[in-house]
Amino acid sequence: MSVSIGTPFSSKSTKVLLCGSGELGKEVVVELQRYGVEVIAVDAYANAPAMQVADRARVLSMLDGEALRKVILEEQPDWVVPEVEAIATEALVELEESGAVAVIPNARATRLTMNREGIRRLAAEELGLKTSPFRFASDRDEFDEAVREIGMPCVVKPIMSSSGKGQSTIRAPEEVKQAWEYAQLGGRAGQGKVIVEGFVDFDYEITQLTVRHSQGTSFCEPIGHLQVDGDYRESWQPHPMSGRALAEARTYAKSITDALGGRGVFGVELFVKGDEVLFSEVSPRPHDTGMVTMISQDLSQFALHARAILDLPVPAIRQFGPSASSVVLVRGESNSPSFGNLGVALNRPDTQLRLFGKPEVSGQRRMGVALARGGSLEEARHRANQVVADLEVSL
Ligand code: AMP
């Protein structure tokens, strides 16, 4: 293997165009820049977190295929690295087919995972992975039928959404109408199709971070997490699992990531009950629950993603023991939030804080993450939560 990286801003620069500039992208940019990669960060609004550390920023709607194509052709990156799902993936497919650009992990995987239907059908119908029972519905009649077939309780999600937006659980017949209306509001592309899934009474859920790189596939230790309203609040690593469940989780992760192909980090979300594993979904990029790896591993998921993108080796991943992350969730309205009491919040060993620098809060927004190690998972979680509790937020 012979990889070389050029000098930024020269004719030999190695360039990455990042589609989406949130907190995960920000860390990917930092890791790429450690190797002297020139990074252009794209998002729909100015001063997004990754833009604050990238070499250049371009503001455009990434759902606008023409605008996305134009910026890629102008910038001529070596790789396009999607950081979010809401992208005009057809434009990426065309550009990759024409040889104009390479997409991480590849354009097809980006297109398939943008839509819950594509990935669910691949996993359940083509690969034969166990999942919750599911139906799709495009209108209210189909929805009522799907809820009847799946039964209650069931979970409703727009097929084009992430982080719990538009997601709800139906436990009684009178909740059906509200669940439909909520899903219609929460879908990315406005009104649209939903998935109705049987509610899985799992013992726990994990993210199996999986890295496809030039030498093969590597796995991180399983990450346990706590979700509220479909959105992640805390994660920890390594989540204890039986040998059988862990082996099954890795078989599932290998199967779905091999089917998607390409290079990079994938976050494979799995539900576990006893030794049984169910596939839930997969991100073809670092995962929000994987932020814990910034303190728990020698190479975080972001460092691993950078290595995989650049075709660099990924030797054994070292895990440092019980570790946790806890999100800093801010509620209210502000375009200049500030964070105080840091002298207290950060005055404990084995803790760290990332503030994302998001320029605005309206409603509820994830603005940072606290990280901690401990002698046990309980201690690590307690320490991370304590950092968050000590922060004083001013709007
Ligand atoms: P998702 O956006 O599909 O990752 O869903 C967000 C979270 O909602 C998951 O991490 C689970 O905690 C919960 N969830 C999603 N689908 C189901 C299901 N079928 N049964 C039980 N909980 C679910």
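Here is a friendly exchange about how some labels in this predicted model are earned.

Reader: Let's begin with the parallel sheet. How do you know the strand order, and what makes strand 3 and strand 5 edge strands?

Author: The five strands of this open sheet follow the order 3-2-1-4-5, with parallel pairing. Strand 3 and strand 5 each have a single partner strand, so one side of each is left without a neighbour in the sheet.

Reader: How do you know that strand 1 and strand 2 pair?

Author: Pairing requires at least two bridges. Strand 1 and strand 2 are joined in the parallel sense over five bridges, so they satisfy that cut-off. As one place to look, L18 stands opposite A41 in strand 2.

Reader: Which order do the strands take in the four-stranded sheet, and what makes two of them edge strands?

Author: That open sheet runs 6-9-7-8, and its pairing is antiparallel. Strand 6 (134-137) and strand 8 (168-170) are the edge strands, as each pairs on one side only. Averaged over the sheet and with direction ignored, neighbouring strands are turned by 25 degrees against each other.

Reader: What packs on this sheet, and which strands are touched?

Author: Helix 5 (residues 116-126) packs there and touches strand 6, strand 7 and strand 9. The direction of helix 5 makes about 150 degrees with that of strand 6. Helix 6 (residues 140-150) also packs on the sheet, touching strand 6, strand 7, strand 8 and strand 9. For helix 6, the angle with the direction of strand 6 is about 170 degrees.

Reader: How do you know that strand 7 and strand 9 are paired, and which residue does C154 face?

Author: Five bridges join strand 7 (residues 154-158) to strand 9 (residues 194-198), and the two run antiparallel. With at least two bridges needed, the pair therefore qualifies. C154 faces G198 in strand 9.

Reader: Why is C154 called buried, and what about C19?

Author: The label buried applies under 20% relative accessible area. C154 has 0%, so C154 is buried. C19 also has a relative accessible area of 0%, so C19 is buried as well.

Reader: While we are on cysteines, how many disulfides does the structure hold?

Author: The structure holds zero disulfides. To count as one, a pair of cysteine sulfur atoms would have to lie within 2.5 Å.

Reader: On to the helices. Why is helix 1 called oblique to helix 10?

Author: The axes of helix 1 (residues 23-33) and helix 10 (residues 301-309) come within 8 Å and cross at roughly 55 degrees. Angles under 35 degrees would be roughly parallel, and 65 to 115 would be roughly perpendicular. The angle fits neither class, so helix 1 is oblique to helix 10. Helix 1 passes helix 10 in a right-handed crossing. The residues of helix 1 that meet helix 10 include L24, V28 and L32, and among their counterparts in helix 10 are F302, A303 and A306.

Reader: What makes helix 2 and helix 3 oblique too?

Author: Helix 2 (residues 65-75) and helix 3 (residues 89-97) have axes that come within 8 Å and cross at roughly 40 degrees. Roughly parallel would need an angle under 35 degrees, and roughly perpendicular starts at 65, so helix 2 is oblique to helix 3. Their crossing is right-handed. In helix 2, G65, L68, R69, I72 and L73 meet A91, L92, E94 and L95 in helix 3.

Reader: Which peptide bonds are cis, and where are their prolines?

Author: Most peptide bonds are trans. One cis bond runs from I104 to P105, with omega near -5 degrees. P105 sits in the loop between strand 5 (102-103) and helix 4 (107-113). Another cis peptide bond joins M152 and P153, with omega about 0 degrees. P153 belongs to the loop between helix 6 and strand 7.

Reader: What makes the phi values of F9 and N47 worth a look?

Author: Most residues other than glycine have a negative phi. F9 has a positive phi near 65 degrees, and N47, not a glycine either, has a positive phi of about 60 degrees. F9 lies in the segment before strand 1 (15-19), while N47 lies in the loop between strand 2 (38-43) and strand 3 (56-59).

Reader: Are F9 and N47 buried or exposed, and how do you know?

Author: Exposed means over 50% relative accessible area. F9 comes to 59%, so F9 is exposed. N47 comes to 52%, so N47 is exposed too.

Note on methods: Residues are numbered from 1 along each chain as its sequence is written. This is a predicted model: local features need pLDDT of at least 70, side-chain atom pairs count only at pLDDT 80 or more; totals for chains, interfaces and linings use all residues. Side-chain values use heavy atoms; hydrogens and water are left out. Axes are lines fitted to C-alpha atoms, for helices over the stretch in contact, and angles run from 0 to 180 degrees between N-to-C directions. Contact means heavy atoms within 4.5 Å. Buried means under 20% relative accessible area, exposed over 50%, partly exposed in between (1.4 Å probe, protein chains only). Angles under 35 degrees count as roughly parallel, over 145 as roughly antiparallel, 65 to 115 as roughly perpendicular and the rest as oblique. A crossing is left-handed if the near helix is turned anticlockwise from the far one by less than a right angle, and right-handed if clockwise.
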